[in-house]
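Please open the structure in your viewer and keep the selection panel at hand, since this tour moves from the whole chain to one pair of packed elements.

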Amino acid sequence: MPKRVFITGGAGFIGSHLVDRLADEGCQITVYDNLSSGKEKFIARHTSKSYFKLIKADLLDLDNLKSAIKNHDIVFHLAANPDIRYGISHTDTDLKQNTIVTYNVLETMRLAGVKQIAFSSTSTIYGEPSLMPTPEDYGPLYPISLYGASKLACEALTTSFCHTFDMKCWIYRFANIVGGRGTHGIIYDFINKLKKNPKELEILGDGKQTKSYLLVDDCIDAMLFLMNNATEQFNVYNLGCDDRISIREIAELLIENMELAGANIKYTGGSRGWPGDVPQMSLDVKKINKLGFKAKYSSKQAIVVAINRMLGE
Ligand code: NAD
C-alpha cells in the first residue's frame, strides 16, 4: 500500500472507515473535505496524530487543491454529492460536485505528478440494465439519474486522464454500502421516520424494489484488496455481494429491531421511489471473486449489522 495517501471526502461515511483502516496500515493520511455531509467526529480519533492532516476545504477551490494534493502517492477520490434525489430539484449539483470536482482532482494530480487514483463509482451508471446480475463490460450504459450520469462522466474522465498522462486507476462500482456512521440512505431515512412516528413507516414506491447491499467493512476490504491485486492500468470492478434484499424486507427488519411490532407500513405506490430510482439492482461480482475476493456478509446480514450499529450510535 502506498504510504502518502490523499483522501477526498475522508470525513464521510465510507471515507472515515477507509481512514481507520489506512491508519492501522501505517499510512500518512491527508483528508480533504468540506464537511458538507462528512463529520469531524467520524475522524476524531486521528485528528491530533502526527500521521494525519485534515484540510477543511472545497474541491471546487482549484488553487487550494493544487497545493494540497502535492507530495502524495495516491488519491482516493470519494467526495461527491451523496443524495441521488437532490438532482431532481437542483439539476447542476451532480455536474458540479461530481464531474467538475473529479476533473479538478485529476487535473491537480497531473500538475503535481500524482500517478494513482482510486475512484468511487456506482451501480447507477448501468441505468436499468437488461442483464442482471450486471457485469462490468455491460453496455451501452444509459444512466437514468443525474447522479448516475455524472458518475459515468467521472469514470470517462478518469480513464482518459490515465491514458493521456500515464496514470493508473481503480474504479469501484459500489452496490449500496451500509454500516455505522451513515448520514444518508435507506436505513438512516427509515430510522428517522420511525423516530418521528413510531406507528407508521412510509415507503417510497411499492416496497418491491430489490437491491444488493454491502457492509462497509467488506467494501473497504475489497477496495484495498483490488489495490494490491488488480494490476492493469484501468481496473474497473463491481463491489457487491451475490444476493439482494427488498425494501419491504429491510423495513420489516428495522421495525423488528426497534421493537415497534405494531407499526404500519404505508406505500406511496409505483415501482420506483422517485424519478431516477433503479428498482432492481444486482451486480455481477465474478470478476473480483476470480481475483480472490468474496464479501463476508450477504445483503441481509449487512443490513442487520448496519441497523444494529446505527441504532447504537
Ligand atoms: P458521504 O456523503 O458520507 O461522503 C462524501 C464526503 O465528501 C463527505 O464527507 C462530504 O463532506 C465530502 N464532500 C462532498 N462534496 C465535497 C466538496 N465539493 N469538497 C470537499 N468535500 C466534499 O458519502 P459516502 O456514502 O461515504 O460516499 C462516498 C463515495 O462513494 C461517494 O463518491 C459516493 O458517490 C460513492 N458511493 C456511495 C454509495 C453508498 O451506498 N454509500 C454507493 C455508491 C457510490
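What percentage of the 313 residues in the protein do buried residues make up? In this predicted model, buried residues account for 53% of the 313 residues.

Begin with the whole chain selected and shown as a C-alpha trace, which spans about 60 × 45 × 40 Å along its principal axes. For 313 residues a compact globule would have a radius of gyration near 20 Å, and because the protein has 19 Å, the value agrees with that expectation. If you switch to a cartoon coloured by secondary structure, you will find ten helices and 13 strands. A contact display adds the sequence separation: among contacts between residues at least 6 apart in sequence, 80% join residues at least 24 apart.

Next, select residues 186-196, which form helix α6, together with residues 247-257, which form helix α8. The two helices pack at an angle of about 50°, with their axes 11 Å apart; angles of 35 to 65 degrees fall in the oblique class, and α6 is therefore oblique to α8. Turn the view so that one helix lies in front of the other, and the crossing of α6 past α8 is right-handed.

Finally, show side chains where the two helices meet. On α6, the contact is made by I186, I187, F190, I191 and L194, while α8 contributes I247, I250, A251, L254 and I255. What is the character of the residues in the contact of α6 with α8, nonpolar, polar or charged? They divide into ten nonpolar, no polar and no charged residues.

Note on methods
Residues numbered from 1 in each chain as written. Predicted model: local features only at pLDDT ≥ 70, side-chain atom pairs only at ≥ 80, totals over all residues. Heavy atoms only, no water. Axes fitted to C-alpha atoms, helices over the stretch in contact; angles between N-to-C directions. Helix = DSSP H or I, 4+ residues; strand = E, 2+ residues; numbered from the N terminus. Parallel < 35°, antiparallel > 145°, perpendicular 65-115°, else oblique. Left-handed = near helix turned anticlockwise from the far one by under 90°. Contact = heavy atoms within 4.5 Å. Nonpolar A, V, L, I, M, F, W, Y, C, P; charged D, E, K, R; others polar. Rg over C-alpha atoms; globule rule 2.2 N^0.38 Å. Buried < 20%, exposed > 50% of the residue type's maximum accessible area, 1.4 Å probe, protein only.
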